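Q: I am new to this structure and would like a close look at one part of it. Please take the stretch where two helices pack around a loop, and set it within the whole chain.

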Amino acid sequence: KDEPLVLGIESSCDETGVGLVRGTTLLADAVASSVEEHARFGGVVPEVASRAHLEAMVPTLERACDEAGVSLWDVDAIAVTSGPGLAGALLVGVAAAKALAVSLGKPLYGVNHVVGHVAVDQLEHGPLPPECLALLVSGGHTNLLRVADIASDVEELGGTLDDAAGEAFDKVARLLDLPYPGGPSIDAVAVDGDPSAIRFPRGLTSQRDLERHRYDFSFSGLKTAVARWVEAKEAAGEPVPVADVAASFREAVCDVLTRKAFDAAKQHGITDMVVGGGVTANARLREMAATRAEAAGVRLRTPRPRLCTDNGAMIAALGAAVVAAGQEPSGLDLAVDSSLP
Ligand code: KG4
Ligand code: ZN
């Protein structure tokens, strides 16, 4: 009860999230998703997402307060995603957070969405160790981070040069006529496939690429390789073995993600790793990360799937860390930054 009650608001993509946290204790995690409204377009439509946030914001705030059994007047600080993300979508969350900060007379903190994906693990596994490596894989981001202090010292070791891992899942799913979002559909059909049936390329793993992009990722070449492979089958009038393609594609993505993450841990002498973001729901990624962690002597922390996908609790968790670190609040002129590093 001594620790401040922090409200977190998330609206960077297609989930409207409101979370309530005290320290590293989760009190409420209310999420409204517009994913179904985007499904027929095969991807998130920014204008549709912004409107959905507008409609969902107040009801989601009410749900979070009900869930935690608190009133908005009990809130001590307000954290909000200020970037990265879709500009119009971010604006809705930031406007709501400012309105609350003014009307309740409480401090406002703009925080980084990607760092929130790491901070959320504290709600499940307690405070982070003094140093850890984070692999973040979602529909919008693929990052390797060195985290010395979640509130103030996060270093980006690498990121994707083109598509995010989740985006690659979504695009390959579309190419295989599987429903959106692609990650879960590919995961489902891959179960019956042979992961070694087709050797798809592992982006940025050649000796030459490693010199400049040791911790960076690239998935567009892999997507193209899958497209070419499927086209060749169709041109030959042969049936496409969807399960084998899905399993082989999934294997390529998970292999390169975990290979680079454990290489970075080894190189930096880091023995704790957090794997987060929506793609962490992938069964093969979890399995491969666990196997490689065991072999490398790395302690692996993976938040439960519900906390891996976008939510407000992750923003509240990071907000709580920032408040605890005694950082200055953001001003009411807090701006959204869609390409925040
Ligand atoms: O973190 P998230 O909910 O939203 C973003 O911040 O992007 O991640 C959504 C992404 C989507 O691209 C979706 O296809 C992917 O996570 N995803 C998966 C799985 N479940 C969701 N990717 C692979 N395997 C899954 N089981
Ligand atoms: Zn995210």
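A: What follows starts with the whole chain, moves to the chosen part, and then visits some other places for context.

This is a predicted model. The secondary structure of the protein chain comes to 13 helices and 10 strands. The C-alpha trace spans about 65 × 45 × 30 Å along its principal axes. The radius of gyration is 20 Å. A compact globule of 341 residues would have a value near 20 Å, so the two agree. Buried residues make up 51% of the 341 residues. Now take the contacts with a sequence separation of 6 or more. Of these, 76% join residues 24 or more positions apart.

Now to the chosen part, helices α6 and α7 and the loop between them. Helix α6 covers residues 165-175, and helix α7 covers residues 182-190. How do α6 and α7 pack, and at what angle? Their axes are 7 Å apart, and the angle is about 65°. Angles of 65 to 115 degrees count as roughly perpendicular. The pair α6 and α7 is therefore roughly perpendicular. The crossing of α6 and α7 is left-handed.

Which residues make this contact? From α6 come G166, F169, D170, V172, A173 and R174. From α7 come G182, G183, S185 and I186. Sorted by class, the contact of α6 with α7 has four nonpolar, four polar and two charged residues.

The loop between α6 and α7 deserves its own look. Two residues in this loop are worth finding, D177 and P181. Start with D177. Its phi is positive, about 60°, although D177 is not a glycine. Is D177 buried or exposed? A residue counts as exposed if 12 or fewer other C-beta atoms lie within 10 Å of its own. D177 has 9 such neighbours, so D177 counts as exposed.

Then comes P181. The peptide bond from Y180 to P181 is cis. Its omega is near -10°. P181 itself sits in the loop between α6 and α7.

Follow the chain past α7. The loop between α7 and α8 holds L204. L204 also has a positive phi, near 55°, in a residue other than glycine. Is L204 buried or exposed? A residue is buried if 20 or more other C-beta atoms lie within 10 Å of its own. L204 has 22 C-beta neighbours inside 10 Å, so L204 counts as buried. D177, by contrast, counts as exposed.

Helix α8 covers residues 207-213, and E211 lies in it. E211 has 8 other C-beta atoms within 10 Å, so E211 is exposed. E211 and L340 are 129 residues apart in sequence. In space their C-alpha atoms are 26 Å apart.

A second helix pair can be set beside the first. Helix α2 covers residues 46-68, and helix α3 covers residues 87-104. Their axes come within 8 Å and cross at roughly 20°. Angles under 35 degrees count as roughly parallel. The crossing angle therefore makes α2 roughly parallel to α3. The crossing of α2 and α3 is right-handed, whereas that of α6 and α7 is left-handed.

Where do α2 and α3 meet? On the α2 side are P46, E47, A49, S50, H53, L54 and M57. On the α3 side are G88, A89, V92, G93 and A96. The residues of this contact divide into seven nonpolar, four polar and one charged.

The loop before α3 brings back the cis bond. P84 lies in the loop between strand β4 (77-83) and α3. A cis peptide bond joins G83 and P84, with omega about -10°. The bond from Y180 to P181 is cis as well.

One last stop is R286, in helix α11 (residues 283-296). R286 has 16 other C-beta atoms within 10 Å, so R286 is partly exposed. Leaving out residues up to four places away in sequence, R286 touches T280 and T302. R286 and G88 are 198 residues apart along the chain. Their C-alpha atoms are separated by 33 Å.

Back to the chosen part. There, α6 and α7 pack at an angle of about 65°. The loop between α6 and α7 includes D177, found there with its positive phi. P181 has its place in that loop too, and the bond from Y180 to P181 is cis.

Notes
Residues numbered from 1 in each chain as written. Chains lettered and ligands numbered in written order. Predicted model: local features only at pLDDT ≥ 70, side-chain atom pairs only at ≥ 80, totals over all residues. Axes fitted to C-alpha atoms, helices over the stretch in contact; angles between N-to-C directions. Helix = DSSP H or I, 4+ residues; strand = E, 2+ residues; numbered from the N terminus. Parallel < 35°, antiparallel > 145°, perpendicular 65-115°, else oblique. Left-handed = near helix turned anticlockwise from the far one by under 90°. Contact = placed C-beta atoms within 7 Å. Nonpolar A, V, L, I, M, F, W, Y, C, P; charged D, E, K, R; others polar. Rg over C-alpha atoms; globule rule 2.2 N^0.38 Å.
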